[in-house]
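Trainee: Could we go through this structure together, one question at a time?
Mentor: Sure, pull it up and ask away.

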Amino acid sequence: AFHEMGYQVDAFDASSAMVELARQHTGLPVQLMTFSEIDGKAQYDGIWCCASLLHVPSSELPKVMQKIADALKPGGVWYVSFKY
């Protein structure tokens, strides 16, 4: 949906099956990686994490969230949702 609205999208998933499905469905170069592998610094205007961080073990969540925050540009938007 973001790509169709004209946004430049970097997409990834930790599941090779989901990466392949996402590539086929979107035509985008979806990467195979985990949240802990994010290494960008002030790279993104917006980050969308819709019910996906639930796959991160709670002990790793603070470090992963810091990595994501570091990848966001100042003033950027970060959407996060969690299943309860």
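Trainee: Where does Lys41 fall, buried or exposed?
Mentor: Quick ground rules: this is a predicted model, where local features need pLDDT of at least 70, side-chain atom pairs count only at pLDDT 80 or more, and totals for chains, interfaces and linings use all residues. Residues are numbered from 1 along each chain as its sequence is written, and side-chain values use heavy atoms, with hydrogens and water left out. Buried means under 20% relative accessible area, exposed over 50%, and partly exposed in between (1.4 Å probe, protein chains only). Lys41 has a relative accessible area of 62%, so Lys41 is exposed.

Trainee: Which residue does Lys41 meet in a salt bridge?
Mentor: A salt bridge needs a side-chain nitrogen of Lys or Arg within 4 Å of a carboxyl oxygen of Asp or Glu. The partner sits in helix H2, 29 residues away from Lys41, which is in the loop between strand E2 (31–32) and E3; helices (H or I, at least four residues) and strands (E, at least two) are DSSP runs, numbered from the N terminus. At 29% relative accessibility the partner is partly exposed. With 3.7 Å from N to O, the residue is Asp70.

Trainee: And which residue forms a salt bridge with Lys73?
Mentor: Lys73 is in strand E4 and its partner is in strand E3, 28 residues apart. Lys73 is partly exposed at 32%, while the partner is exposed at 55%. The closest N and O atoms are 3.4 Å apart, and the partner is Asp45.

Trainee: Which element gives the largest share of the largest nonpolar core?
Mentor: A nonpolar core is a set of buried Ala, Val, Leu, Ile, Met, Phe, Trp, Tyr and Cys residues joined through side-chain atoms within 4.5 Å. Here the largest one has twelve residues, including Met33, Phe35 and Leu53. Strand E3 (44–50) and helix H2 (61–71) each supply at least two of them. The largest share, four residues, comes from H2.

Trainee: Which element gives the most to the lining of the largest pocket?
Mentor: On a 1 Å grid over the protein atoms alone, a pocket is an open set of points where a 1.4 Å probe fits, with protein on both sides within 12 Å along at least five of seven lines; lining residues have an atom within 4 Å of a point. The largest pocket is lined by 46 residues, with Trp48 among those nearest its centre. Strand E1 (12–13), helix H1 (16–26), E3, H2 and strand E4 (72–81) each supply at least two. With seven residues, the top contributor is E3.
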